Amino acid sequence: FAAFCLEAFINNVCREELGEDGVKRYLLKHSKQREIKDKWKGVVQEMTEKKGKQVTGEELSKERFWARFCKLFELRDKLVHYKEGFEIPVGTEWGNTAPIYAEVNSRESEEYVKAMDQMVQWFCEHAGMQFPFDRPVIQ
């Protein structure tokens, strides 16, 4: 769910903050970049250029939340594009389960939500936008 929220956030930011011309410019400039990671990097560059700051996508990828962000979308893709087939169950503290479900649990989910909260805060700070919440999502 966090992955879907982040994708919706960046799509809305792109449309609302860059405007129709900005979205067209972004799409022309970044047309070969179809992955969500590339979209975030491209929008960060466009937004910070617009605000006169120029933060690169490479700077974004050095942030501590970036690895969690990449893993989150890897898991999202595994779940959304599940390929049927037998996988040897793995042992977890909750019993044996399919490998994908060993990676998707409440403890890990909380860490992903925290990392995504940090990512949106970072983005808003660097893009000169107001953070959409008055406190972190998870304390």
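F4, L79, V80, Y101 and V104 together make up a nonpolar surface patch with about 450 Å² of accessible area. A patch here joins residues with over 30% relative accessible area and no salt bridge, like charges within 9 Å and nonpolar side chains (Val, Leu, Ile, Met, Phe, Trp, Tyr) within 5 Å. Accessible areas were computed by the Shrake-Rupley method with a 1.4 Å probe, and for residues only the protein chains shown count as cover. The model is predicted: local features need pLDDT of at least 70, side-chain atom pairs count only at pLDDT 80 or more, and totals for chains, interfaces and linings use all residues. Residues are numbered from 1 along each chain as its sequence is written, and side-chain values use heavy atoms, with hydrogens and water left out.

One member of the patch, V104, sits in the loop between helix 5 (99-103) and helix 6 (106-127). V104 has a relative accessible area of 34% and is therefore partly exposed. The classes are buried (under 20% relative accessible area), exposed (over 50%) and partly exposed (in between), with a 1.4 Å probe and protein chains only.

The protein chain contains 6 helices and 2 strands. Helices (H or I, at least four residues) and strands (E, at least two) are DSSP runs, numbered from the N terminus. Along the sequence, the pattern reads α-α-α-α-β-β-α-α. Of the 139 residues in the protein chain, 32% are buried. The chain exposes about 9,000 Å². Carbon and sulfur atoms supply 51% of that area. Contacts (heavy atoms within 4.5 Å) were also sorted by sequence separation. Among those between residues at least 6 apart in sequence, 63% join residues at least 24 apart.

Salt bridges were searched for across the whole structure, and 7 were found. The criterion is a side-chain nitrogen of Lys or Arg within 4 Å of a carboxyl oxygen of Asp or Glu. K71 pairs with E74 in one such bridge, with the closest N and O atoms 3.2 Å apart. Both residues belong to helix 4 (residues 66-80), where a spacing of 3 residues places them about one turn of the helix apart. E74 also bridges to K78, at a closest N and O distance of 3.9 Å. E74 and K78 are likewise in helix 4, 4 residues apart, about one turn of the helix. K71 is partly exposed at 26% relative accessible area. E74 is partly exposed at 37%, and K78 is partly exposed at 37%.

Helix 6 carries a salt bridge between K114 and E111, whose closest N and O atoms are 3.7 Å apart. K114 and E111 are separated by about one helical turn because they stand 3 residues apart in helix 6. K114 counts as partly exposed at 26% relative accessibility. E111 is partly exposed too, with a relative accessible area of 32%. In helix 4, by contrast, shared partners join the salt bridges of K71, E74 and K78 into one network.

Helix 2 packs against helix 4 at an angle of about 140 degrees, and the axes are 10 Å apart. Axes are lines fitted to C-alpha atoms, for helices over the stretch in contact, and angles run from 0 to 180 degrees between N-to-C directions. Helix 2 and helix 4 are therefore oblique to each other. Under this scheme, angles under 35 degrees are roughly parallel, over 145 roughly antiparallel, 65 to 115 roughly perpendicular, and the rest oblique. On the helix 2 side, the meeting residues are I36, K37, W40 and K41. Their counterparts in helix 4 are W66, F69, C70 and F73.

K41 lies in helix 2 (residues 36-50). K41 counts as buried because its relative accessibility is 19%. Leaving aside residues up to four places away in sequence, K41 touches G57, E58, L60, S61 and W66. W66 thus appears both among the contacts of K41 and among the helix 4 residues that meet helix 2.

E49 is also placed in helix 2. At 37% relative accessibility, E49 counts as partly exposed. E49 touches K29 and Q54, again without counting residues up to four places away in sequence. The C-alpha atoms of E49 and A127 are separated by 8.7 Å, although the two residues are 78 residues apart along the chain.
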